[in-house]
Amino acid sequence: MGLTRNPSRFIPLLLLLILTSLQLIPPSKSAPDFSSIVYKGCAKQSFPDPTGVYSQALSSLYGTLLTQSSKSKFYKTSTGSGQSSISGLFQCRGDLSNLDCYTCVSRLPILIDKLCGKPIAARMQLSGCYMLYEVAGFAQISGMEMLYKSCGGTNAGGAGFEQKRDTALNSLENGMSGGFFTTSYEAVYVLGQCEGDVGANDCVECVKNAAQRAQVECGSSISAQIYLHKCFIGYSYYPNGIPKKSSPSSSGRGGPNTGKTVAIIVGGAAGVGFLVICLLFARGLLKKKDDY
């Protein structure tokens with residue numbers, strides 16, 4: 001009886017429940033993940049460190065690089081002195097914000113320590129950034145040295161793909177004077193970046209070399225990533241159109257996060273359903289009051 005005679009006192013509670021349910025619905029947009037591991041390079045030799053001088057220099061290097069990653073996309077420095085000095089650098093992809101760059105770089109020392117230990121040289125490449133270091137006297141390699149390649153497992157069907165890909169790669173080469181460039185041509189999206197201290201002419205030559213390797217070694221694959229010592233390039237072919245915010249850095253590692261998308265849809269539907277139930281319940285209570 002009491003419930004039907006004064007239903008209005010339940011309305012604030014219903015509104016609170018409705019607002020709570022809406023807050024539980026996950027947001028429709030998720031932050032992009034730039035921290036997936038692309039490859040690692042760990043020297044076989046660990047540095048002898050009986051006094052801890054190398055460890056101290058490496059920790060200081062990491063601290064400097066991490067601090068700078070919140071201000072710039074590329075930074076190169078060295079710590080220590082003499083034979084115990086260590087040089088290193090980080091670089092973030094040109095389209096990352098300062099916050100994303102810092103977040104990406106902050107993972108690198110942890111991953112290097114976990115996956116490499118403390119070798120005399122190491123390089124860790126994530127999808128959005130990379131870091132490398134080497135002790136004094138470590139053997140240098142050519143800037144054109146290939147470090148990693150990945151060719152998409154699916155081949156493009158139909159004629160004309162290679163012409164589209166080659167035209168897109170040529171456009172990439174022509175636009176690399178600034179060190180980072182993305183463009184697209186006929187559903188082929190391309191991206192390239194050179195290490196921050198590489199000159200404009202050397203950058204173009206490096207990217208051209210990487211593009212040629214992609215053409216030869218990946219053939220008609222719909223996607224490819226080629227990482228040379230001083231630059232990298234990637235392309236992805238989307239015959240049905242380029243999705244928004246797509247990039248070659250994520251090609252070959254699956255498409256959109258379907259699991260998260262489904263969870264968002266189901267959560268939203270559940271929230272709307274709960275809202276409808278609450279409104280119907282409130283309507284029924286008010287109707288009973290009118291009947292009395």
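The torsion about the S-S bond of Cys42 and Cys116 is about -50°, so this disulfide is left-handed. That's a good place to start looking around this structure, which is a predicted model.

## The disulfides

Let's stay with that pair for a moment. The sulfur atoms of Cys42 and Cys116 sit 1.9 Å apart. In the sequence, though, the two cysteines are 74 residues apart, and the bond links distant parts of the chain: Cys42 belongs to strand β1 (residues 37-42), while Cys116 lies in the loop between α5 and β4. Their surroundings are worth a look too. Cys42 has a relative accessible area of 29%, so it counts as partly exposed. Cys116 has 16%, and because buried means under 20%, Cys116 is buried.

How many disulfides does a search of the whole structure find? The search turns up 6. If you count the bonded cysteines along the protein chain, they pair up as 1-5, 2-3, 4-6, 7-11, 8-9, 10-12.

Another of these bonds joins Cys151 to Cys218. Again the link is between distant parts of the chain, 67 residues apart, with Cys151 in strand β6 and Cys218 in helix α7 (residues 200-218). The torsion about the S-S bond is about -70° for Cys151 and Cys218, so this one is left-handed. Cys151 is partly exposed, with a relative accessible area of 29%, whereas Cys218 is buried at 5%.

Then there's the bond between Cys194 and Cys203. With 90° about the S-S bond, this link is right-handed. Both Cys194 and Cys203 are buried.

Here are the sulfur distances for these three pairs:

| Disulfide | S to S distance |
|---|---|
| Cys42 and Cys116 | 1.9 Å |
| Cys151 and Cys218 | 2.0 Å |
| Cys194 and Cys203 | 2.1 Å |

## Around Lys40

Back to strand β1, where you'll also find Lys40. Is Lys40 buried, partly exposed or exposed? Lys40 is partly exposed, with a relative accessible area of 44%. Leaving out residues up to four places away in sequence, Lys40 touches Leu115, Arg123 and Met124. Lys40 and Gln125 make a nice example of folding bringing parts of a chain together: they are 85 residues apart in sequence, but their C-alpha atoms are 6.1 Å apart in space.

## The nonpolar cores

Now for the inside. The largest nonpolar core has 27 residues, and those with the most contacts inside it are Ile86, Val105, Ile112, Met131 and Tyr133. Several elements chip in at least two residues each: α3 (53-68), β3 (86-92), α4 (98-105), α5 (108-115), β4 (121-126) and β5 (129-135). Which of them gives the largest share of this core? That's α3, with 6 residues.

Met131 has quite a list of contacts. Skipping residues up to four places away in sequence, Met131 touches Tyr62, Leu65, Leu89, Phe90, Val105, Leu108, Pro109, Ile112, Ala122, Arg123 and Met124. Apart from this core lies another one, of 23 residues, among them Leu169, Val207, Ala214 and Leu228.

## A hairpin

Strand β3 has a partner as well. Strand β2 (residues 74-79) runs antiparallel to β3, and 6 bridges join the two. One of the facing pairs is Ser78, which stands opposite Ser87 in β3. Together β2 and β3 form a hairpin with 6 residues between them, and Gly80 in the turn has a positive phi of about 80°.

## The five-stranded sheet

Further along the chain, 5 strands make up an open sheet in the order β6-β9-β10-β8-β7, with antiparallel pairing. Which strands stand at the edges? They are β6 (146-151) and β7 (180-185); each has a single partner strand, so one side of each is left without a neighbour in the sheet. On average, neighbouring strands here are turned by 5° against each other, direction ignored.

Inside this sheet, strand β8 (residues 188-194) is joined to strand β10 (residues 231-237) by 7 bridges, and the two run antiparallel. Val188, for instance, stands opposite Tyr237 in β10. Helix α6 (residues 161-174) packs on the sheet, where α6 touches β7, β8 and β10. The direction of α6 makes about 150° with that of β7.

Conventions
Residues numbered from 1 in each chain as written. Predicted model: local features only at pLDDT ≥ 70, side-chain atom pairs only at ≥ 80, totals over all residues. Heavy atoms only, no water. Core = buried A, V, L, I, M, F, W, Y, C linked by side-chain atoms within 4.5 Å. Buried < 20%, exposed > 50% of the residue type's maximum accessible area, 1.4 Å probe, protein only. Helix = DSSP H or I, 4+ residues; strand = E, 2+ residues; numbered from the N terminus. Contact = heavy atoms within 4.5 Å. Pairing = 2+ DSSP bridges. Axes fitted to C-alpha atoms, helices over the stretch in contact; angles between N-to-C directions. Disulfide = S-S within 2.5 Å.
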